[in-house]
Structure formats: C-alpha cells, structure tokens
Amino acid sequence: MKTVHLLVAFVLLASASPLAFASDPGPLQDFCVAINNTGNGVFVNGKFCKDPRLVTADDFIFQGLNIPRPINDPVGTTVTPVNVEQFPGLNTLSVALNRIDYAPNGGENPPHLHPRASELFLVLEGTLLAGFVTSLPEYKLFTKVLNKGDIFVFPQGLIYFQVNLGKTNAVGFAYFESQNPGIIIVADAVFGSNPPINPFILARAFQLDPNVVKNLQVKFGNNS
Ligand code: GLV
Ligand code: MN
C-alpha cells in the first residue's frame with residue numbers, strides 16, 4: 001500500500017513540476033539545419049562564451065544610445081539595434097533593445113514583426129501613433145496615441161507600426177525579451193525577397209496589376 005501511495009505522490013509531483021511540461025527552447029535564429037559532420041557546421045544557438053577569467057566590466061556596457069541618429073531612410077526612421085550582434089555581453093541573457101529616431105510629420109517605423117520576441121516600447125520624445133493587428137479571424141487593429149513617457153506592448157509575431165504625429169523629431173526605445181528578436185519588415189520581405197517572388201503570385205495575392213508589383217519589386221529589391 002505504501003508503494004502505491006509513493007507512486008501516486010511521485011506522479012502528482014512530476015505532473016506539477018515544470019519539467020514535466022518542458023518544451024524545446026525557442027530558436028535564437030531563423031533556422032538551424034542539422035548536420036552529422038560537425039566539422040562543417042557552425043554553432044548558432046547563441047554564441048561561444050568568453051573565458052570567464054577574461055571577462056571585464058567593459059563586456060557589460062554599451063554606450064552612445066543618447067546620441068540622436070540621422071534619418072535617411074525614405075520611410076523616415078532610423079533604427080539602432082543593440083542585440084547580441086552589437087553587444088556580445090547579452091549572449092544567453094534573453095534581452096535586447098533598439099533606439100528608434102523618427103522624422104517629423106509622419107516618420108514611420110513601417111509595418112513589421114519580430115519572430116522571436118514581444119516588444120515593450122517606451123516613448124522618450126514626441127507623440128506617436130502605435131498600432132498592431134491581431135491574427136485571424138478578426139484581424140483587429142488596436143491603435144493608441146503615445147506621448148513622452150508612455151509604454152506600449154506589441155505582442156510577439158503580430159504586425160505593427162509606429163508613426164510620428166508631431167512636427168519635431170521623436171525618439172522611442174524598444175525592449176525585447178530575446179537576445180536576437182529578429183525582424184521582418186512586411187514590404188521589404190514581400191516585395192524585396194531575394195530572389196524575388198514571382199510578380200504574378202504577388203499580383204493575385206494583393207489584387208494588384210502585375211506592373212505595379214514589378215515596380216514595387218524594383219523599389220524594395222535591394223537584396224540582390
Ligand atoms: C521598433 O518597433 C523596433 O523594432 O525597433
Ligand atoms: Mn519592433
């Protein structure tokens with residue numbers, strides 16, 4: 001009888017333990033095709049670690065995000081990413097951030113999504129319109145006007161944007177719960193893929209004249 005009690009207790013304990021429900025860790029990159037010969041491979045799930053004896057305080061600081069960035073992009077924003085690529089000290093720590101500078105009168109962080117992280121967005125300067133769209137079946141648009149000091153959250157994997165409503169530059173900071181959130185800018189990915197998607201496929205998908213699609217592909221196709 002004692003054994004049965006022990007067994008029941010063990011089963012209950014195991015099902016209450018997070019280990020019993022453990023899933024695979026989220027990917028830290030777009031893909032990682034398995035190979036048998038590690039000699040021809042690269043290690044991508046995070047990065048190799050520096051010998052801890054050689055680590056200094058300098059490995060944990062990244063400076064200069066106070067400096068306004070020039071805005072040359074036609075959409076009117078400059079994004080300055082600080083993820084594990086720019087700041088190796090973030091490796092394995094599941095955090096990253098971006099500074100975003102917006103041109104006055106409509107400077108826009110265009111519709112995009114982050115495949116590996118939700119985004120916590122803080123307005124440091126200016127007034128912005130922020131919005132995101134839910135998935136099927138509603139495709140519901142949530143929008144909010146954000147002012148200095150406001151924080152908005154963009155859920156992982158949903159498409160969203162921010163637009164500067166003011167007559168002066170605006171600045172935002174985006175915080176991610178990933179060392180490598182990734183980004184897919186919708187227009188760039190659809191019309192600027194490398195190689196290009198067949199324009200007739202896009203013409204049908206977007207219900208556009210194929211020549212309009214071809215023009216868009218010329219405009220966004222800077223990847224080839
Ligand atoms: C803001 O949305 C960013 O991704 O930088
Ligand atoms: Mn973003």
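This short talk covers a manganese site and the ligand beside the residues that hold it.

First, the ground rules. This is a predicted model, where local features need pLDDT of at least 70, side-chain atom pairs count only at pLDDT 80 or more, and totals for chains, interfaces and linings use all residues. Residues are numbered from 1 along each chain as its sequence is written, ligands are numbered from 1 in the order in which they are written, and side-chain values use heavy atoms, without hydrogens and water.

Start with the metal. Which protein donors does the manganese ion (ligand 2) have? They are H112 (NE2), H114 (NE2), E119 (OE) and Y160 (OH), 1.9 to 2.2 Å away. Donors here are N, O and S atoms within 2.8 Å of the metal (3.2 Å for Na, K and Ca). The sequence spacing reads H-x1-H-x4-E-x40-Y. H112 sits in strand β3 (residues 108–113) and Y160 in strand β8 (residues 159–164), so this pair ties together parts 48 residues apart in sequence. Strands are DSSP runs (E, at least two residues), numbered from the N terminus. H112 is buried, at 1% relative accessibility. Y160 is buried too, with a relative accessible area of 1%. Buried means under 20% (1.4 Å probe, protein chains only).

Now ligand 1. Its surroundings include V79, I100, A174 and F176, each with a heavy atom within 4 Å. H112, H114, E119 and Y160 are also among them. What about polar atoms? N98 has a polar side-chain atom 2.8 Å from a ligand 1 oxygen. For E119, that distance is 2.8 Å. For Q162, an N or O side-chain atom lies 3.0 Å from a ligand 1 oxygen. The protein covers 100% of the 190 Å² of accessible area that ligand 1 has on its own (Shrake-Rupley method, 1.4 Å probe).

Key
Helix = DSSP H or I, 4+ residues; strand = E, 2+ residues; numbered from the N terminus. Buried < 20%, exposed > 50% of the residue type's maximum accessible area, 1.4 Å probe, protein only. Polar contact = N/O pair within 3.5 Å; in protein donor to acceptor, adjacent residues only side chain to side chain.
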